[in-house]
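I opened the model and kept notes on what I looked up. The entries follow in the order I made them.

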Amino acid sequence: MDANSNTDTNSNSNSSLADRRGLETDVYQPAEDSHLLATTASERVDEGDLVLEVGTGSGYVAETVAAEAGARVIGSDLNPHACERARDRGVEAVRADLLAPFSDDVFDAVVFNPPYLPTDPDNEWDDWMEHALSGGESGREVIDRFLSDVGRVLAPGGVVLLLVSSLTGVEEVVERAGEEGFGAVALEDESFPFETLTVLELVG
């Protein structure tokens, strides 16, 4: 990608970050990425599976997967307001920094719509929506942390369903997942004016 493309991408991502803040300042509300992940995960998860949704936000994805697939879904989020909102939807929600408190070899599937928008460190906002949206300068800082630990909590044969944006770099995420021992398959994607969203299935 040339320098002009980088400039355009940063401009678009910053615009998206501002647009996605909306009126809700504490909890990320369901958007196109949420709907794509919820639909894809509902089709991939089996009845009776134990599923963890990392970064559950409002609990929309967890609630949808539980209802559509008949799975037991636990939501986790660093944001206490998100945990409260998810519980209002009937989701079992645990306040957690990614996967830190969860036991090894437990979950049949882990679902994650990560903060993936590249953000200039000088322009970051210190609030909960920033945590929900910003993936750091590369857009992959949270994803990298997640990938380094998610294999630990997967049961044998378990899968990861990870939503990635073209703004973040899908190939870079696939390469990073490979370094952690995962093979990656793109299950679904959807294009928008400034980005393409892809749901990756990662299998160890």
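**Entry 1: aromatic pairs**

I started at F107, which is buried, with a relative accessible area of 3%. The model is a predicted one, so I read every value here as computed from predicted coordinates. I looked for ring partners and found two aromatic pairs in the structure. In one of them F107 pairs with F102: the ring centres are 5.7 Å apart and the planes stand at 80°. An angle over 60 degrees counts as edge-to-face, so the F102 and F107 pair is edge-to-face. I checked F102 as well, and at 11% relative accessibility F102 counts as buried.

The other pair is F112 with F146, with ring centres 4.7 Å apart and planes at 45°. That angle is neither under 30 nor over 60 degrees, so the pair is tilted. I then asked which elements the F112 and F146 pair ties together. F112 lies in strand β4 (residues 107-112) and F146 in helix α6 (residues 141-153), so the pair ties together parts 34 residues apart in sequence. I noted the accessibility of both: F112 is buried at 2%, and F146 is buried at 0%.

**Entry 2: α6 against α7**

From F146 I moved on to the helix that holds it. I looked up how α6 packs on helix α7 (residues 170-179), and found an angle of about 25° with the axes 9 Å apart. Angles under 35 degrees count as roughly parallel, and α6 and α7 are therefore roughly parallel to each other. The crossing of α6 past α7 is right-handed.

I listed the residues that meet. From α6 they are I143, D144, L147 and S148, and from α7 they are V173, R176 and A177. By class, I have four nonpolar, one polar and two charged residues in this contact.

**Entry 3: α2 against α3**

I ran the same check on helix α2 (residues 32-44) and helix α3 (residues 60-69). Their angle is about 25° and their axes are 9 Å apart. That makes α2 roughly parallel to α3. I noted a right-handed crossing for α2 and α3.

On the α2 side, the contact is made by S34, H35, L37, A38, A41 and S42. On the α3 side, I wrote down Y60, V61, T64, V65, E68 and A69. The classes in the contact of α2 with α3 are seven nonpolar, four polar and one charged.

**Entry 4: positive phi**

Most residues other than glycine have a negative phi. I therefore looked at where a positive phi turns up outside glycine, and L98 is one such place, with phi near 55°. L98 sits in the loop between β3 (92-95) and β4. Is L98 buried or exposed? With a relative accessible area of 12%, L98 is buried.

D105 is not a glycine either, and its phi is also positive, near 55°. I located D105 in the loop between β3 and β4.

**Entry 5: G75 and D88**

I looked at G75, which is in strand β2 (residues 72-77). At 0% relative accessibility, G75 counts as buried. Which residues is G75 in contact with, leaving aside its neighbours within four places in sequence? I found E53, T56, V91, E92, A93 and V94. I also checked G75 against V54: the two are 21 residues apart in sequence, and their C-alpha atoms are 6.1 Å apart in space.

D88 is in helix α4 (residues 80-88). At 62% relative accessibility, D88 counts as exposed. I looked up its separation from G59, which is 29 residues away along the chain, and the C-alpha atoms are separated by 8.5 Å.

**Entry 6: the whole chain**

Last, I took the overall counts. The chain has seven helices and seven strands. Read along the sequence, I get the pattern α-α-β-α-β-α-β-β-α-α-β-α-β-β. Of the 204 residues in the chain, 48% are buried. I also looked at contacts between residues at least 6 apart in sequence, and 65% of these join residues at least 24 apart.

Terms used
Residues are numbered from 1 along each chain as its sequence is written. This is a predicted model: local features need pLDDT of at least 70, side-chain atom pairs count only at pLDDT 80 or more; totals for chains, interfaces and linings use all residues. Side-chain values use heavy atoms; hydrogens and water are left out. Rings of Phe, Tyr and Trp (its six-membered ring) pair if their centres lie within 6.5 Å; planes under 30 degrees apart count as stacked, over 60 as edge-to-face and the rest as tilted. Buried means under 20% relative accessible area, exposed over 50%, partly exposed in between (1.4 Å probe, protein chains only). Helices (H or I, at least four residues) and strands (E, at least two) are DSSP runs, numbered from the N terminus. Axes are lines fitted to C-alpha atoms, for helices over the stretch in contact, and angles run from 0 to 180 degrees between N-to-C directions. Angles under 35 degrees count as roughly parallel, over 145 as roughly antiparallel, 65 to 115 as roughly perpendicular and the rest as oblique. A crossing is left-handed if the near helix is turned anticlockwise from the far one by less than a right angle, and right-handed if clockwise. Contact means heavy atoms within 4.5 Å. Ala, Val, Leu, Ile, Met, Phe, Trp, Tyr, Cys and Pro count as nonpolar, Asp, Glu, Lys and Arg as charged, and the others, Gly among them, as polar.
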